[in-house]
Each structure stands twice: as C-alpha cells, then as structure tokens.
Amino acid sequence: MSGAGGSERSEQRPERPEQRQRVVPPIPALGQGGVLQELMLGVGQPPDPGISEEQRQAREEWEALEEIQSGLGGSSGAAPPPISFSEALQHFQSAELSSSRGKVRAPGRRGILAALLRCLCGPPRLRPQLRGEQELALAMAQCALDDSERVHMRILQTIYRQLTRSRLGCPRYGAHWEELGFQGADPGTDLRGTGMLGLMQILFFVLDSRTLPLAREIFQLSQHETQNFPFCIMSVNITRIVIQALQEERLSRECNRRQQVIGVLNDLYAAAFLRLSRLWEQQHGTVANAAFFLKELELSTKKKPRQLLKSLEAYLSRSLQPPSPPSSSQIQFTSICDPGVELEGDS
C-alpha cells in the first residue's frame, strides 16, 4: 500500500513552470489579423511578461512604423498638424540662422564706370530698412531641410495635403514625393540652391486663397498625359530665378515701392509660374524642351518683373470676380424661336 500511495503522490506532483509555457505562433503569422490586432491594442502599454521575444520585437517594429507614418519620427503616431505661412515665417524670423546667413553672397563691388552707369540708368538700390528682410530671404535659401526640425516637417506635410487634397499625413520618405514632382523619395535632395525658401514659396502658393486655385490648376497640368512635367522641380527652378533677380537687385524698385521683400518674392514666383503654365499650354511644352521655357522665363522675370506682376494681378482679379448674370440687353437668343432670326420662306 505504501508503494501504491507513493505512486499516487508521484502522479499528482505539480507541473514544472517550463511545462506550462504558452505556445506562441511562428513569426510569419504575426502579420495575420488576430495577432496583429493584439499588437495594435498593446501599443503604448508596458510589456507583458507572458509574450515571447518575437512578439515583443514585432510590437516594437509596429510602433516604429507608426512613427514613420507620422512623418516626424514622434511617439504619438498622429500626423503633424498643418502650418500657416505666417507661422512658418515667424519660425525663421526667430530661428538661429547664423550659419545660413554666413553663406549669403554679398553684392560685388562695382567700378567707377559701372557705378556711374548705374546712377544714370540702372535700377535703384534696396532701401536700408529692407536689407534685413532681404538677408532673411537669402538665409532661408541657404537653410537645408532638417528632419529634426518640427516646423520643416510640418511644411512638407502641409504641401502634400494641399496638393493631393488628402486629410492624412504621409511618410517622410517614399515614392509619393515623386508624384508631387520631386526627383526621388527625399525632397531634401532637390532643394540645393533654394533651401527652405523653395519649400516656403510652394507653401505660400498652396495656402494663399488667391493662388491656391492656380496652384492646383498647374499641378493638374503637370499630370497631363503628354505635357506632364515635375511640378516641384519646376517650382524650385522658378525660386532659383527669383533669388537671382533679388541678388542682382532687379527687384529693388518694386520692393521699395511696396516696402517689403518676401511678399514681392512670393508674388513674382506665382506670376512666373503663371507665365510658364500659359507658355506650356500654348506651345505644347514637354519635358524635353523644358530648358527652353525656363530660359525664356528667366529673361522675362529679370527684365520685366513689373509686367509679370501686373499679369498676375489681372489673372487674380478675373478669377476672384463673381460671374454676373447677363442683363436683358445682353441676352441673345439663338434658337429657332428667336424673333430676330429669319426662318426660311419668311423673307
């Protein structure tokens, strides 16, 4: 009996902890609905000691993916809020841009004859009170896109949303930037020579209520089956032309008249884009002859900036004017019931 009792006690011996270990599904199954839902529900919570190392790693990868989707690398997983042009400009006005300001090229010294010719028939110099704003614009053109700068990322996200009319954010890198007209998956590589001023001018273009319809119209033209062109690359080239016109003091007269610099730059940018789009449509432009259009645009921007600005003013005044219903004297009947139309045999 003692042997039988001993055998019963041996059968009732408690299981070891390793015998109660929970069986986990293999790692390829982590992408399936059930386990993926479990990982989503567990995001942001302390690690569960009951899950395996594979599941914990998969959860961390999922959280990292959400951070990438936010476009900022933050921990919230939510898309960054849009930014207004004035808020972005205030950031650069208060930001430390000493390294960018040091790269700004100062106007070269002129000889006596050149200075005399300038006084007689050349453009006027920019007024001293506007020099600070000019330096700010040129410093922004030397400021590179910074992934760690939240304002820079918000500018990118706002441009994406306004052009695509999407309510959702987008990853910092990806093929979706090529759809907007950048050369590759990283917009920052296309901003050489224009820096953040290149993005700031696109931001102005797509946020100003006067120019937003024009921006979307040109963006739609850039998606044309045969007349397509890279929208953002073309925009950066226009910003480069505007910067050159500012550096060569070809905009001083207009800046002095309006007592501002960045406002003139933005309007001239929009006017030049309008001019390019009209030439592109009328002359059936393609990417193959884009250099010809940009060269013509550079000449007209530098030699006749005021004329370009007037064409923009005329376009905006027409587009913003509500259509008026025709008066009774302007109504012309063209149907056979028109008493002014002779029917055959009535003459």
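**Helix packing and a buried glutamate**

Helix 7 and helix 14 lie oblique to each other in this predicted model. Their axes approach within 9 Å and cross at roughly 50 degrees, a value that is neither under 35 degrees nor in the range from 65 to 115 that would count as roughly perpendicular. Helix 7 spans residues 131–141, and helix 14 covers residues 262–282. On the side of helix 7, the contact is formed by Glu133, Leu136, Ala137 and Met140; helix 14 contributes Ile262, Gly263 and Leu265. Sorted by class, five of the residues in this contact are nonpolar, one is polar and one is charged.

Helix 14 also appears in the surroundings of helix 11. Within helix 11, which runs over residues 212–222, the buried residues are Leu212, Leu214, Ala215, Ile218, Phe219, Leu221 and Ser222. The cover over these buried positions includes helix 8 (150–164), helix 9 (176–179) and helix 10 (195–207), along with helix 12 (231–247), helix 14 and helix 16 (305–320). As helpful background, an α-helix has 3.6 residues a turn, so residues three or four places apart point the same way.

A charged side chain in helix 13 is worth a look as well. Glu254 sits in this helix, which comprises residues 252–258. With a relative accessible area of 10%, Glu254 is buried, because the cut-off for that class is under 20%. Its side chain makes a polar contact with the side chain of Arg257 at 2.6 Å. Leaving aside residues up to four places away in sequence, Glu254 touches Val264, Arg306 and Leu309.

Methods
Residues are numbered from 1 along each chain as its sequence is written. This is a predicted model: local features need pLDDT of at least 70, side-chain atom pairs count only at pLDDT 80 or more; totals for chains, interfaces and linings use all residues. Side-chain values use heavy atoms; hydrogens and water are left out. Axes are lines fitted to C-alpha atoms, for helices over the stretch in contact, and angles run from 0 to 180 degrees between N-to-C directions. Helices (H or I, at least four residues) and strands (E, at least two) are DSSP runs, numbered from the N terminus. Angles under 35 degrees count as roughly parallel, over 145 as roughly antiparallel, 65 to 115 as roughly perpendicular and the rest as oblique. Contact means heavy atoms within 4.5 Å. Ala, Val, Leu, Ile, Met, Phe, Trp, Tyr, Cys and Pro count as nonpolar, Asp, Glu, Lys and Arg as charged, and the others, Gly among them, as polar. Buried means under 20% relative accessible area, exposed over 50%, partly exposed in between (1.4 Å probe, protein chains only). A polar contact is a pair of N or O atoms within 3.5 Å; within protein, one must be able to donate a hydrogen and the other to accept it, and residues adjacent in sequence count only if both atoms are side-chain atoms.
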